[in-house]
Amino acid sequence: MTSSLMDSTLTVDSSLPGPLNGASYEDAITTVIGSMAQEDTALVNDAPEGTIWKFRYATVEVYVQLTGQTDEDFLLVWAPVLSLPVARQTELMEKLLRLNWSGTLETCFALFNDQVVVMLQRTVADLSAGEISRAITLVATLADENNDSLRAEFSAAS
């Protein structure tokens, strides 16, 4: 089932590094997305593999997946930045590896479904509202900062 996120009324101070203070992971994620998403772009879908949110931030689509509520479940955040194949793919891979070392903080560039994505994955054990906010913000910002330059430098293969 897909629905709009704009109906959420929960306020979580996601700048705090502490616990969720009674809010659920879903509530915290919805609040962060609600503060970042461009108007009318946020959607949520409950699927067998967990809850998946999608929203537009600046020039990128950002996805957030929560696989469940146990300590072993995962929070995954990703945003596609470039479709494959591209010209000079070896040079692209070298550039991405260098960026992973020096410029992505907790995120990384990865390959997913024939796309280069910026992503972050972690278990939900001891996950705080501040960590949720940081994860989503880092992925969205780094994807937006890198997608245009990567597309310009590594155009689609002909």
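The legends below describe an overview and several close-up views of a predicted model of a protein chain.

**Figure 1. Overview of the protein chain, with its 3 helices and 7 strands.** Followed along the sequence, the helices and strands come in the order β-α-β-β-β-β-α-β-β-α. The protein chain has 158 residues, and 42% of them are buried. Among the contacts with a separation of 6 or more, 62% join residues that lie 24 or more positions apart. The protein chain exposes about 8500 Å². Carbon and sulfur atoms supply 52% of this exposed area.

**Figure 2. Close-up of Glu49 in the loop between strands S2 and S3.** Strand S2 covers residues 43-47 and strand S3 covers residues 50-57, with Glu49 in the loop between them. Glu49 has a relative accessible area of 44% and is therefore partly exposed, since this class lies between the 20% limit for buried residues and the 50% limit for exposed ones. Leaving aside residues up to four places away in sequence, Glu49 touches Gln65, Leu66 and Thr67. Glu49 and Leu66 are 17 residues apart along the chain, and their C-alpha atoms are separated by 8.4 Å.

**Figure 3. Close-up of the salt bridge between Glu61 and Arg56.** Side chains of opposite charge can pair when their charged atoms come close. In the pair formed by Glu61 and Arg56, the closest N and O atoms are 3.1 Å apart. Both partners are partly exposed: Glu61 has a relative accessible area of 26%, and Arg56 has one of 27%. The count for the model comes to 7 salt bridges, and this pair is one of them.

**Figure 4. Close-up of the salt-bridge network that includes Arg88.** Arg88 meets Glu91 in a salt bridge with an N to O distance of 2.8 Å. The relative accessibility of Arg88 is 39%, so this residue counts as partly exposed. Glu91 is likewise partly exposed, with a relative accessible area of 43%. The side chain of Arg88 also meets that of Glu153 in a salt bridge, here with an N to O distance of 4.0 Å. This second pair links distant parts of the chain, as Glu153 belongs to helix H3 (residues 129-153) while Arg88 is in the loop between strand S5 (74-83) and helix H2 (89-102). The two residues are 65 residues apart. Glu153 is partly exposed, with a relative accessible area of 34%. Through shared partners, salt bridges join Arg88, Glu91, Lys95 and Glu153 into one network.

**Figure 5. Close-up of helix H3 and its kink centred on Asn146.** Helix H3 has 25 residues, which at 1.5 Å a residue should span 36 Å. The C-alpha atoms at its ends are 36 Å apart, in agreement with that expected span. Helix H3 nevertheless contains a kink of about 35°, and Asn146 is at its centre.

**Figure 6. Close-up of the aromatic cluster of Tyr63, Trp78 and Phe112.** A pair of aromatic rings is described by the distance of the centres and the angle of the planes. A search of the whole structure finds 2 aromatic pairs. Tyr63 and Trp78 form a stacked pair, with 5.4 Å from centre to centre and 10° between the planes. The two residues are 15 residues apart and lie in distant parts of the chain, Tyr63 in strand S4 (residues 60-66) and Trp78 in strand S5. Tyr63 is partly exposed at 22% relative accessibility. Trp78, with a relative accessible area of 15%, is buried, because buried residues are those under 20%. The ring of Trp78 also pairs with that of Phe112, in an edge-to-face arrangement with 5.9 Å from centre to centre and 70° between the planes. This pair too links distant parts of the chain, with Trp78 in strand S5 and Phe112 in strand S6 (residues 108-112), 34 residues apart. Phe112 has a relative accessible area of 40% and is partly exposed. Ring pairs thus link Tyr63, Trp78 and Phe112 into a cluster.

Conventions: Residues numbered from 1 in each chain as written. Predicted model: local features only at pLDDT ≥ 70, side-chain atom pairs only at ≥ 80, totals over all residues. Heavy atoms only, no water. Helix = DSSP H or I, 4+ residues; strand = E, 2+ residues; numbered from the N terminus. Buried < 20%, exposed > 50% of the residue type's maximum accessible area, 1.4 Å probe, protein only. Contact = heavy atoms within 4.5 Å. Areas by Shrake-Rupley, 256 points an atom, 1.4 Å probe, with all protein chains shown as cover. Expected span 1.5 Å × (residues − 1). Bend = angle between axes of the 7 residues up to and from the residue. Phe/Tyr/Trp six-rings, centres within 6.5 Å; stacked < 30°, edge-to-face > 60°.
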